[in-house]
Amino acid sequence: DCVVIERFSKAFAQHPPQWFAQTVIAKRLAARAVVVGYDFRFGRARAGTGEMLKQMLPELVVEELPPLRVQLSDTDEPTVISSSLIRQRLLAGESISAAQLLGRPYCVSGVVVGGDKRGRRIGYPTANIETDANLMPAAGVYAVHIELEEGRYDGMLNLGTRPTFGGRKATVEVHIFDFERDIYGAAIRIVFYNRIRSERRFKSSTELREQLDIDQQCARELLAQVGQIELSSHV
C-alpha cells in the first residue's frame with residue numbers, strides 16, 4: 001500500500017544502527033513487524049544485525065528469511081542467490097546461469113537510434129540501441145528476443161566495439177530476423193538468452209559476413225528450443 005524511497009546519501013549512511021532502529025523504523029514508520037534477509041545489515045559500517053534489531057526494539061516482530069538457493073547446471077551443490085553473483089555471471093557472459101539465478105532471462109530496455117549502416121551493407125541490417133542500463137553482459141554475440149510495442153521477434157545481438165571496423169566505443173546492435181521495417185525512435189526491450197561467441201576482429205567484411213551466417217543459424221536453433229520450452233510450459 002505504501003512505498004518509502006529513502007535517499008541514501010553519505011550523511012544517511014553515517015548513522016549508527018541505534019539511530020536507524022529508533023528514528024526510522026520505530027518513529028517514522030511506526031513499524032510493528034519487519035521482514036529481513038539472513039544476511040541483513042544496517043547502520044554505519046554494517047554494524048547492525050537482525051538480532052540487534054530485536055534487542056533494540058523488543059516490541060517489534062522481526063522475521064528473518066533463510067537464503068534462497070538454486071541448483072545451477074555447473075555446480076554440484078545448490079547455490080545461494082545473490083545480486084553480486086548475478087552481476088558476476090553476466091559480466092562473464094554466462095547468461096544462462098544468470099537467468100537461473102534471476103528466475104528469468106536478463107533484459108535491458110532502450111531506444112532505437114541511427115547508426116552508420118555498416119550492417120546493412122553486408123546483408124545484416126541492425127538496430128542500434130541506446131540504453132541507460134546499469135549493467136550490460138560481457139561483449140559478444142547473443143541469441144535474443146526483441147520486444148517492440150507490436151510484438152516479440154527473434155534476433156541476435158552484438159555487444160562490443162566492432163573491432164573489425166576499428167571501433168572503440170561500445171555499442172549495442174541487434175539484427176532482427178525476417179524484419180525490414182523502420183523502427184527509429186521506437187522503445188525496445190532486449191531479452192538475453194545464450195551467448196553464442198565472444199567478440200573478435202575479422203580480416204575482412206566478407207569473413208565477418210560468413211561468421212554472421214553461422215551465428216544466425218545458431219541463434220535461430222537456440223531460440224527455437226526456447227520457444228518449444230515456453231510452449232510446453234503453457235500446455
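Me: I've got Ala45 on screen: is it buried or exposed?
Reply: Ala45 is exposed, at 72% relative accessible area. The cut-offs are simple: buried is under 20% relative accessible area, exposed is over 50%, and partly exposed is in between, using a 1.4 Å probe and protein chains only. Bear in mind that this is a predicted model, where local features need pLDDT of at least 70 and side-chain atom pairs count only at pLDDT 80 or more, while totals for chains, interfaces and linings use all residues. Residues are numbered from 1 along each chain as its sequence is written, and side-chain values use heavy atoms, with hydrogens and water left out.

Me: What should I look for in the backbone there, say in the phi of Ala45?
Reply: As a rule, most residues other than glycine have a negative phi. Ala45, not a glycine, goes positive, at about 60°. You'll find Ala45 in the loop between E1 and H3. Those labels are DSSP runs numbered from the N terminus: helices are H or I with at least four residues, strands are E with at least two.

Me: Where else does a positive phi turn up in a residue other than glycine?
Reply: Asp178 is one case, with phi near 55°. Asp178 sits in the loop between E9 and strand E10 (187-197), and is exposed at 70% relative accessible area. Ala30, just after H2, also takes a positive phi, of about 50°.

Me: How far is Ala45 from Gln55 in space?
Reply: They are ten residues apart along the chain, and their C-alpha atoms are separated by 19 Å. Gln55 belongs to helix H3 and is exposed, with 57% relative accessible area.

Me: Which residues of helix H2 are buried?
Reply: In H2 (residues 17-28), the buried ones are Pro17, Ala21, Thr23, Val24 and Ile25. Their cover includes helix H1 (10-13), strand E1 (33-37) and helix H3 (50-56).

Me: Let's try a single side chain. What is Ser97 in contact with, beyond its sequence neighbours?
Reply: Contact means heavy atoms within 4.5 Å. Leaving aside neighbours within four places in sequence, Ser97 touches Leu72 and Arg89. Ser97 is in helix H5 (residues 95-102) and counts as buried, at 8% relative accessibility. A polar atom of the Ser97 side chain also lies 3.2 Å from the backbone oxygen of Glu94.

Me: And which residues does Arg89 contact?
Reply: With neighbours within four places left aside again, Arg89 is in contact with Leu72, Asp74, Glu94, Ser97, Ala98 and Leu101. Arg89 lies in helix H4 (residues 83-91) and is buried, at 12% relative accessible area.

Me: How many disulfides are there?
Reply: The general idea is that a disulfide is a covalent bond between the sulfur atoms of two cysteines. The test here is a pair of cysteine sulfur atoms within 2.5 Å, and the structure holds zero of them. Cys218, for example, is in no disulfide, since the nearest cysteine sulfur, that of Cys107, is 20 Å away. Cys218 is partly exposed, with 27% relative accessible area, while Cys2 is exposed at 67%.

Me: What about cavities: how many does a search of the whole structure find?
Reply: Rolling a probe the size of a water molecule over the atoms shows where empty space is left. On a 1 Å grid over the protein atoms alone, a cavity is a set of points where a 1.4 Å probe fits but cannot get out, and lining residues have an atom within 4 Å of a point. Grid points are joined across faces, edges and corners, and the volume is the space filled by probe spheres set on the points. The search turns up two cavities of 30 Å³ or more, and the largest has a volume of about 340 Å³.

Me: Which residues lie nearest the centre of the largest cavity?
Reply: Out of 21 lining residues, those are Asn158, Arg162, Glu173, Leu208 and Leu212. At least two lining residues each come from helix H6 (118-121), strand E8 (151-160), strand E9 (171-176) and helix H7 (205-233). E8 gives the largest share, three residues.

Me: How does that lining split by class?
Reply: There are ten nonpolar, five polar and six charged residues. Nonpolar takes in Ala, Val, Leu, Ile, Met, Phe, Trp, Tyr, Cys and Pro, charged is Asp, Glu, Lys and Arg, and the others, Gly among them, are polar.

Notes: On a 1 Å grid over the protein atoms alone, a cavity is a set of points where a 1.4 Å probe fits but cannot get out, and a pocket is an open set with protein on both sides within 12 Å along at least five of seven lines; lining residues have an atom within 4 Å of a point. A polar contact is a pair of N or O atoms within 3.5 Å; within protein, one must be able to donate a hydrogen and the other to accept it, and residues adjacent in sequence count only if both atoms are side-chain atoms.
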